[in-house]
Amino acid sequence: MAKKSKVVKELKRQELVAKYADRRRELKAKGDYMALQKLPRDSSATRQKNRCAVSGRPRGYLSKFKISRIVFRDLALKGQIPGITKSSW
């Protein structure tokens, strides 16, 4: 489990990105990079990090399912992800 502070910080980043998305788009279209620099640093979408929705783990993230590889494996073995079966041959 990731630290709660990291998960909360990432959620705040997501809120800032959503809040300033229109303003950033307008400033980029105008080419006004000085005004763009004055916006909060975390309002840039490139500063976001994908994290597992269950555990908060930043590495081994499967974007299709929005969970980490470890949680994915546990849920798949329990049969809680539809359409996923363990392969055997």
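Arginine 51 touches quite a list of residues once you skip its neighbours within four places in sequence: Ala2, Lys6, Glu10, Gly56, Arg57, Pro58, Tyr61 and Lys66. That's in a predicted model, so keep this in mind throughout. Arginine 51 itself sits in the loop between α2 and β1, and serine 43 and serine 44 belong to that loop too. Below is a quick tour, starting with arginine 51 and ending with the chain as a whole.

**Arginine 51**

- A polar atom of the arginine 51 side chain lies 2.5 Å from the backbone oxygen of glycine 56.
- Glycine 56 also turns up among the contacts of arginine 51, as do Arg57 and Pro58.
- Lys66, another contact of arginine 51, is a residue of the loop between β1 and β2 (67-68).
- For a longer reach, take isoleucine 84: it is 33 residues from arginine 51 in sequence, and their C-alpha atoms are 21 Å apart.

**The two serines, 43 and 44**

- Serine 43 lies in the loop that runs between α2 (33-37) and β1 (61-62).
- Why does serine 43 count as buried? Its relative accessibility is 1%, and the cut-off for buried is under 20%.
- The side chain of serine 43 makes a polar contact of 3.3 Å with the side chain of arginine 24.
- Beyond its neighbours within four places in sequence, serine 43 is in contact with Leu16, Val17, Tyr20 and Arg24.
- Serine 44 counts as buried as well, because its relative accessibility is 15% and buried means under 20%.
- The polar contact made by the serine 44 side chain goes to the side chain of threonine 46, at 3.0 Å.
- With neighbours within four places left out, serine 44 is in contact with Val17 and Arg24, two residues that are also on the contact list of serine 43.

**Residues in the helices**

- Glutamate 26 belongs to helix α1, which covers residues 4-30.
- At a relative accessible area of 49%, glutamate 26 is partly exposed, since exposed means over 50%.
- The C-alpha atoms of glutamate 26 and leucine 36 are separated by 9.6 Å, with their positions 10 residues apart along the chain.
- Arginine 73 is part of helix α3 (residues 69-78).
- Buried or exposed? Arginine 73 is exposed, with a relative accessible area of 54%.
- From arginine 73 to aspartate 32 the C-alpha separation is 47 Å, and the two are 41 residues apart along the chain.

**A backbone oddity at lysine 66**

- Lysine 66 isn't a glycine, yet its phi is positive, at about 60 degrees.
- Most residues other than glycine have a negative phi.
- The spot in question, lysine 66, is in the loop between β1 and β2.

**The chain as a whole**

- You get three helices and two strands here, and from the N terminus on they run α-α-β-β-α.
- The chain is more spread out than a compact globule, because its radius of gyration is 18 Å, well over the 12 Å that the globule rule gives for 89 residues.
- Along the principal axes, the C-alpha atoms fill a box of roughly 60 × 25 × 15 Å.
- Of the 89 residues in the chain, 24% are buried.
- How much of the contacts with a separation of 6 or more comes from residues 24 or more positions apart? The share is 29%.
- About 7400 Å² of the chain is exposed, and carbon and sulfur atoms supply 52% of that area.
- On the charge side, there are 25 positive and 7 negative charges, and the mean positions of the two sets are 9 Å apart.

Definitions and conventions: Residues numbered from 1 in each chain as written. Predicted model: local features only at pLDDT ≥ 70, side-chain atom pairs only at ≥ 80, totals over all residues. Heavy atoms only, no water. Helix = DSSP H or I, 4+ residues; strand = E, 2+ residues; numbered from the N terminus. Rg over C-alpha atoms; globule rule 2.2 N^0.38 Å. Buried < 20%, exposed > 50% of the residue type's maximum accessible area, 1.4 Å probe, protein only. Contact = heavy atoms within 4.5 Å. Areas by Shrake-Rupley, 256 points an atom, 1.4 Å probe, with all protein chains shown as cover. Lys, Arg positive; Asp, Glu negative; His and termini not counted. Charge placed at Lys NZ, Arg CZ, Asp CG, Glu CD. Polar contact = N/O pair within 3.5 Å; in protein donor to acceptor, adjacent residues only side chain to side chain.
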